[in-house]
Amino acid sequence: MIIDIPKNSDFSIHNIPFGIFSTEDRSPRAGVAVGDYILDLAALAELDVFDFNTAVFEKETLNDFISLGKEITKKVRLDIQHWLQDENSILAGKPELFIKQVDAQMHMPVYIGDYTDFYSSIEHATNVGKMFRDPENALLPNWKHIPVGYHGRASSIVVSGEPIHRPKGQTIPVGADKPVFGPTQRLDFELEMGFITGKNTNLGESVLTSEAEEYIFGLVLLNDWSARDIQKWEYVPLGPFLAKNFASHISPWIVTLEAFETFKVPGPKQEPEVLPYLQYEGLKNYDINLEVAISPEGSEEQTVCHSNFKYMYWNMAQQLAHHTVNGCNINIGDLYGSGTISGKDENSYGSMLELAWMGTKPLKMKDGSERKFINDGDTVTMRGFAEKDGKRVGFGEVSAKILPVK
Ligand code: CA
């Protein structure tokens, strides 16, 4: 191996995720994460090792690189894997190509034109239905027939590490007939995975479930922040709005779909049978461990959730097939959120709303304080990785601190 990769690194030789980074001496450019380092693709390209226009690595986002198509992007990943393992490769004796991750700043990896958020975890949808509607009929009649989703806001998606201010808005106090205005009292995270599309369609075209993987470049961790009290008042009848669009965070490294190929697993049985355009063949779920931790200001981190991407009822191929079945076009760099990923166990719920069950079961932090929702000064960190037969492929983390209201 050209450089040492720590045994438990998310960024193993099996991963090779793409991102955009900058250093003190050079502006944002493309790189891949390898162990504790970043392989500088713009610098590597100067050695003339690629047979395409490598100006794509000098850009501030990966959109142009992704638009080269999977044939090229897959080959870049395989070449790098090969070079890293060959002591005599082009990477040998060139430490200047490897930048320590701690010395780099990460940026948004893609320009996101459109953001769609699904609601595809049956455990999450059931929990929310139990809390807000009827425990006996928690799922609405459409839920097992449609991968329910809504169009979100792309402008407020930011990269891990960027702190955000507590949002303000309208809420309705219990028993009141008029709303009040102020900071949200129920700031929540949503543990999600996001996929980024790598191929355009034209208006009027649809993507089949069997083709969907050709359209998915890779995955990121997504914290889709929510203000539950604002949401409760505003969502009727058109759905999520200001309770959802004040910020969402993504992890900086896009892990390619190919890197997760060996971690495919069967999804839950879908009963009743779904309509033909949503049917699929093969393994479409992914065994990716997910966790969430809260660090109160000046205190130790407390892990509050262990979940898994494999719990999803609706898979990404079905989501994309559904999204395009009416002819809605998709673009390179679009982001699609899975929806909050909850499991069956109480410690696998992917939001504070569920973990503390609407504030009725507060969580204990290591400093002795309790959390029903997220406090000012708290840092919420999500991590995700797949592991099998000694191979580990992960995202690192998406982490952000909540600042007081502005
Ligand atoms: Ca969401």
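This is a short chat about a predicted model, its calcium site and some of its aromatic contacts.

Colleague: Hi! What should I know about the numbering and the cut-offs on confidence?
Modeller: Residues count from 1 along each chain as its sequence is written, and in this predicted model local features need pLDDT of at least 70, while side-chain atom pairs count only at pLDDT 80 or more. Totals for chains, interfaces and linings use all residues, and side-chain values use heavy atoms, with hydrogens and water left out.

Colleague: Cool. Which protein donors does the calcium ion have?
Modeller: Asp117 (OD), Glu190 (OE), Glu192 (OE) and Asp224 (OD), lying 2.2 to 2.3 Å from the ion. Donors here are N, O and S atoms within 2.8 Å of the metal, or 3.2 Å for Na, K and Ca; water is not among the atoms, so sites may look incomplete.

Colleague: And what spacing do they follow along the chain?
Modeller: The donors follow D-x72-E-x1-E-x31-D.

Colleague: Are glutamate 192 and aspartate 224 buried or exposed?
Modeller: Both are buried (under 20% relative accessible area, with exposed over 50% and partly exposed in between, using a 1.4 Å probe and protein chains only).

Colleague: Switching to rings: how many aromatic pairs are there?
Modeller: The count comes to 15, where rings of Phe, Tyr and Trp (its six-membered ring) pair if their centres lie within 6.5 Å; planes under 30 degrees apart are stacked, over 60 edge-to-face, and the rest tilted. In one pair, phenylalanine 50 and tryptophan 83 have ring centres 5.8 Å apart and planes at 55°, so the pair is tilted.

Colleague: Which aromatic cluster has Trp83 in it?
Modeller: The one formed by Phe18, Phe50, Phe52, Phe57, Phe65, Trp83 and Phe217.
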